[in-house]
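Here's a quick briefing to read alongside the structure. Keep the 3D view open and find each piece as it comes up.

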Amino acid sequence: MSTAVPAPSAELAAGLDRPLAVLHPDGSRHADAVLDAYLTDVDETMLTDFYVDMSIARRVDREAFTLTRQGSLVLWPPLLGQEAAQIGSCRALRDTDFLFGSYREHAIAVMRGVDPAGLLAVWQGNTLSGWDPYSHHLATPQIIIGAQTLHATGYAMATRIDGADDVAIAYLGDGAISEGDTNEAMVFASTFSAPVVFFCQNNQYAISEPVRVQSGSPLALRPTGFGIPALRVDGNDVLAVLAATRIAVERARTGGGPTFVEAVTYRMGPHTTTDDPTRYREDEEAAEWSAKDPIVRLERHLASSGVRTDRIREEAQVRCDQIARDMRDAVAEAHTPEAATIFDHVHAVPTQRVERQRAEHIAFVASVEGES
Ligand SMILES: Cc1ncc(C[n+]2csc(CCOP(=O)(O)OP(=O)(O)O)c2C)c(N)n1
Ligand SMILES: [Mg+2]
């Protein structure tokens with residue numbers, strides 16, 4: 001009797017050999033059999049909007065980085081280089097779809113209308129939650145690697161129970177693929193056919209750990225073992241990201257269950273403002289990826305289509321300057337809460353244990369103040 005092992009489910013995944021792309025680094029537009037059917041509405045206005053949105057994302061990131069260096073924020077995990085992955089995927093969703101990010105998805109927070117004061121308050125250490133998740137259909141940042149995949153899957157399962165056709169999307173990093181939470185989420189998503197999209201930004205690093213050390217095969221192959229189809233796309237190509245996410249969202253919304261999208265991109269900056277990437281990667285590598293910059297690529301594409309890019313750049317600049325001013329104002333006006341408020345809202349109903357900890361903290365602060 002034959003005991004042949006079934007072939008790996010490569011047919012479940014597109015783009016394994018080479019990430020799917022339609023916009024190449026020189027700005028040229030190429031056809032793609034999988035993606036093009038989902039890009040028929042792309043016109044100059046949409047491309048311009050993408051350019052402006054990505055420029056805003058980059059400026060928010062740069063401004064926050066600078067504010068951290070000036071001591072106004074405690075920490076910042078930069079998104080530099082990942083603008084297309086975040087903006088393209090976010091734009092594939094409708095307003096009532098729910099997003100569950102990690103800590104690096106500042107662009108989706110801006111796109112979802114979170115005000116800069118809320119966005120920055122978390123990184124000032126002033127609050128545990130910078131916005132109301134239900135108003136924006138966006139969960140607050142998740143530091144526990146991979147945990148948001150469970151939250152998104154649970155949310156997606158619940159939308160089906162409610163009879164709604166909303167979709168949940170979990171943003172996760174390459175490192176998060178190795179977490180138990182992520183693998184458990186994929187088991188549940190697959191078996192319950194949950195309307196969830198796993199959107200993986202493979203930015204090549206989990207802090208200092210390169211992806212080649214984390215996985216011997218493309219990350220997009222992993223979910224296929226759970227029966228979850230996968231698309232691997234160039235994450236610096238905003239149109240490829242938009243199309244792949246649209247495919248995944250449509251499948252989820254129409255009862256087809258989960259899809260995994262691997263957006264192959266690069267974290268151009270440090271892991272956070274406390275990291276020094278020159279300790280673990282070569283300048284040549286960063287330069288190579290810099291040549292694939294998602295914003296420059298789109299600008300080249302617009303220019304080659306005969307669009308006046310100087311005007312679009314000016315429009316983006318005005319919007320960027322305004323948001324940068326708002327960010328600086330928000331930080332200057334921020335109010336530092338009493339440290340003891342950290343114990344508020346740990347549980348919906350206070351528990352004896354947390355109340356005891358609060359009392360101990362207050363007594364400790366009083367004792368230190370008494371000494372001085
Ligand atoms: C459960 C858990 N383990 C370890 C950490 C420490 N940690 C913070 S970020 C990080 C790397 C995550 O890498 P990746 O998933 O690729 O996301 P990226 O930071 O590249 O966006 C680790 C291990 C954590 N926050 N949570
Ligand atoms: Mg990573």
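About 17,700 Å² of the protein chain is exposed, and carbon and sulfur atoms supply 53% of that area. Keep in mind that this is a predicted model. Below, we go from the whole chain down to single residues.

**The whole chain**

- The protein chain has 13 helices and 8 strands.
- A compact globule of 372 residues would have a radius of gyration near 21 Å, and the protein chain comes in at 22 Å, so the two agree.
- If you box up the C-alpha atoms along the principal axes, you get roughly 75 × 65 × 45 Å.
- How much of the chain is buried? Of its 372 residues, 50% count as buried.
- Take the contacts between residues at least 6 apart in sequence: 75% of them join residues at least 24 apart.

**The sheet**

- In what order do the strands of the open sheet come? The 6 strands run S1-S7-S8-S4-S3-S2, and the pairing is parallel.
- S1 (13-14) and S2 stand at the edges with a single partner strand each, so one side of each has no neighbour in the sheet.
- A bit of background: strands of a sheet pair through backbone hydrogen bonds, and they can do this in a parallel or antiparallel way.
- At one edge, S1 pairs with S7 (residues 230-234) over 2 bridges, in the parallel sense. Look for Ala13 there, standing opposite Ala230 in S7.
- At the other edge, S2 (residues 98-100) pairs with S3 over 3 bridges, again in the parallel sense. Here Phe100 sits opposite Ala170 in S3.

**Strand S3 and what surrounds it**

- Is S3 mostly enclosed or open? Of the 6 residues of S3 (residues 168-173), 5 are buried, so the strand is largely enclosed by the rest of the structure.
- S3 also pairs with S4 (residues 196-202), in the parallel sense and over 6 bridges. Within that pairing, Leu172 has Cys200 in S4 as its bridge partner.
- Follow the chain from S3 through helix H7 (residues 180-191) to S4 and you've traced a right-handed β-α-β unit.
- Phe188 belongs to helix H7. With a relative accessible area of 43%, Phe188 is partly exposed.
- Which residues does Phe188 touch, leaving aside its neighbours within four places in sequence? They are Thr153, Met157 and Ser193.

**Helices worth a look**

- Helix H1 (residues 44-69) has 26 residues and reaches 38 Å from its first C-alpha to its last, close to the 38 Å expected at 1.5 Å a residue.
- Just after H1 you'll find Gly71, with a positive phi of about 90°.
- In helix H2 (residues 83-90), 8 of the 8 residues are buried, so the helix is largely enclosed by the rest of the structure. Among them are Glu83, Gln86, Ile87 and Cys90.
- Val238 lies in helix H9 (residues 238-253). Its relative accessible area is 2%, so Val238 counts as buried.
- Setting aside neighbours within four places in sequence, Val238 is in contact with Phe50, Met54, Ala84, Gly88 and Leu298. Ala84 and Gly88 are buried residues of H2.
- Val238 and Arg297 are 59 residues apart along the chain, but their C-alpha atoms are separated by 9.3 Å.

**Two histidines with a positive phi**

- First, some context: most residues other than glycine have a negative phi.
- His137 has a positive phi of about 50° even though it isn't a glycine. You'll find His137 in the loop between helix H5 (133-136) and helix H6 (147-161).
- Is His137 buried, exposed or partly exposed? Its relative accessible area is 21%, and buried means under 20%, so His137 counts as partly exposed.
- Between the C-alpha atoms of His137 and Phe188 there are 22 Å, and the two residues are 51 residues apart along the chain.
- His345 isn't a glycine either, and it has a positive phi of about 65°. His345 is in the loop between helix H12 (309-333) and helix H13 (352-371).
- With 76% relative accessibility, His345 counts as exposed.

Notes: Residues are numbered from 1 along each chain as its sequence is written. Chains are lettered from A and ligands numbered from 1 in the order in which they are written. This is a predicted model: local features need pLDDT of at least 70, side-chain atom pairs count only at pLDDT 80 or more; totals for chains, interfaces and linings use all residues. Side-chain values use heavy atoms; hydrogens and water are left out. Helices (H or I, at least four residues) and strands (E, at least two) are DSSP runs, numbered from the N terminus. The expected span of a helix is 1.5 Å times one less than its number of residues. Buried means under 20% relative accessible area, exposed over 50%, partly exposed in between (1.4 Å probe, protein chains only). Two strands pair if DSSP finds at least two bridges between them. A crossover is right-handed if, with the strands pointing away from the viewer, the path from the first strand over the helix to the second runs clockwise. The radius of gyration is taken over C-alpha atoms; the globule rule is 2.2 Å times the number of residues to the power 0.38. Contact means heavy atoms within 4.5 Å. Accessible areas come from the Shrake-Rupley method with a 1.4 Å probe; for residues, only the protein chains shown count as cover.
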